[in-house]
Amino acid sequence: LKTGTAKITDGNLSISGEAKDSDAYSRVTTALAGDLPAGLKLADSDITLPIASPYVWTAEKSSDGVVLSGVVPSAEAGQEAFDRAQLQFSGLKVTDEQSFAGGDPNGFASAQSVALQTLSRLKVGRAELKDTEHTVTGETFSPELKDKLTSGVENGLPPGFTGQAVITAPELKAVETDRCGELVSARMQGAKIQFQAAKSVIRDESFGLLDEISSIVSRCPTARLEINGHTDSDGGEAYNQRLSEAR
């Protein structure tokens, strides 16, 4: 612990304090949750996370995948961010380098959600939350997205947060039809377009993947496309047929 107090009274252990880092917090809480020496029992524990100031969390997307780093309020919050990123960056490698600490501002989880959603709709880029400031830099998949994403960063954050976006738009050049098919197949390798359960509504997490596929297809003016929609095996055959066609 960075600071703290431990006391044993008649075999009862009471301990409180602030962990010196997230790794120490994990080790201490795991030890206290395990088997204590014979004759000793845990009467009370109050171990807090270290406070991070400034409170900085980042997500970076490149051709190699996505890296999450910086601090989050808890291991559970870090896992939620990682799980969300795996959905939003379907088919890409997501690397988790997050640690956890106290001091997160109110609305942090909602701001983090905006950051991940924006980054998923960029070809490459970086999203950073520093206390209550959100900054995004990067390149979109298409010129049409630039203003929409910039507005979302500047106006879509929870109360108390401010946003700034520096987003560029690419110049899309036509490619040969055969090359178009290769590009689509390569991006869809291991990726899925997600729908809401039993509905034909596409989940927000798949917007970035659709942006990328759309940008590829828009460069293929002579290509013919086949688009399929599927369901799982739940429900009757006639219902699933209608649902797959709607999708």
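Guide: Before we start, two strands pair if DSSP finds at least two bridges between them, and strands (E, at least two residues) and helices (H or I, at least four) are DSSP runs numbered from the N terminus. The model is predicted, with local features needing pLDDT of at least 70 and side-chain atom pairs counting only at pLDDT 80 or more, while totals for chains, interfaces and linings use all residues. Residues are numbered from 1 along each chain as its sequence is written, and side-chain values use heavy atoms, with hydrogens and water left out.

Visitor: Okay, how many bridges join β4 to β7, and which way do they run?

Guide: There are six bridges between β4 and β7, and the two strands run antiparallel. Within that pairing, Thr 58 has Glu 128 in β7 as its bridge partner, and Val 56 is partnered by Lys 130, again in β7.

Visitor: And what about β4 and β5, how do those pair?

Guide: β4 and β5 also pair in the antiparallel sense, over six bridges. One bridge sets Lys 61 opposite Val 66, the latter in β5, and the two strands make a hairpin that leaves two residues between them.

Visitor: What's the strand order in the sheet of six?

Guide: Going across this open sheet of six strands, the order is β6-β5-β4-β7-β8-β9, and the pairing is mixed. The edge positions belong to β6 (94-100) and β9 (162-168), each of which has a single partner strand, so one side of each is left without a neighbour in the sheet. Direction ignored, neighbouring strands here are turned by 5° against each other on average.

Visitor: Which strands does helix α2 lie across?

Guide: Helix α2, residues 75-88, lies across β5 (65-72) and β6, and runs at about 160° to β6. Such angles run from 0 to 180 degrees between N-to-C directions, with axes as lines fitted to C-alpha atoms, for helices over the stretch in contact.

Visitor: Switching topic, what's the order in the three-stranded sheet?

Guide: That open sheet has the order β1-β2-β3, with mixed pairing. Its edge strands are β1 (3-9) and β3 (41-48), each pairing on one side only. On average its neighbouring strands are turned by 5° against each other, if direction is ignored. Strand β1 is joined to β2 (residues 12-18) by seven bridges, and these two run antiparallel; in this pair, Thr 5 stands opposite Ser 16 in β2. Helix α1, residues 22-33, packs on the sheet and touches β2 and β3, its direction making about 165° with that of β3, where contact means heavy atoms within 4.5 Å.

Visitor: How do α5 and α6 pack, angle-wise?

Guide: Helix α5 (residues 177-188) packs against helix α6 (residues 207-217) at an angle of about 170°, and their axes are 9 Å apart. That makes α5 roughly antiparallel to α6, a label for angles over 145 degrees.

Visitor: Which residues meet there?

Guide: From α5 come Cys 180, Leu 183, Val 184, Arg 187 and Met 188, and they meet Leu 209, Glu 212, Ile 213, Ile 216 and Val 217 of α6. By class, this contact has eight nonpolar residues, no polar ones and two charged ones, with Asp, Glu, Lys and Arg counting as charged, Ala, Val, Leu, Ile, Met, Phe, Trp, Tyr, Cys and Pro as nonpolar, and the others as polar.

Visitor: How many salt bridges does the structure hold?

Guide: It holds seven salt bridges, each being a side-chain nitrogen of Lys or Arg within 4 Å of a carboxyl oxygen of Asp or Glu. One of them joins the side chains of Arg 126 and Glu 60, at 3.8 Å from N to O. This pair links distant parts of the chain, with Arg 126 in strand β7 (residues 122-130) and Glu 60 in strand β4 (residues 56-62), 66 residues apart. Both belong to a network of salt bridges that links Glu 60, Arg 126 and Glu 128.

Visitor: Are Arg 126 and Glu 60 buried or exposed?

Guide: Arg 126 counts as partly exposed at 33% relative accessibility, and Glu 60 counts as partly exposed at 43%. Buried means under 20% relative accessible area, exposed means over 50%, and partly exposed lies in between (1.4 Å probe, protein chains only).

Visitor: What does Asp 211 form a salt bridge with?

Guide: Its partner is Arg 121, and the closest N and O atoms are 2.5 Å apart. Asp 211 lies in helix α6 and Arg 121 in the loop between α3 (108-120) and β7, so the pair ties together parts that are 90 residues apart in sequence. Both Asp 211 and Arg 121 are buried.

Visitor: And what links Glu 205 and Arg 203?

Guide: Their side chains meet in a salt bridge, at 3.3 Å from N to O. Glu 205 is buried, with a relative accessible area of 19%, whereas Arg 203 is partly exposed, with 26%.

Technical notes:
Parallel < 35°, antiparallel > 145°, perpendicular 65-115°, else oblique.
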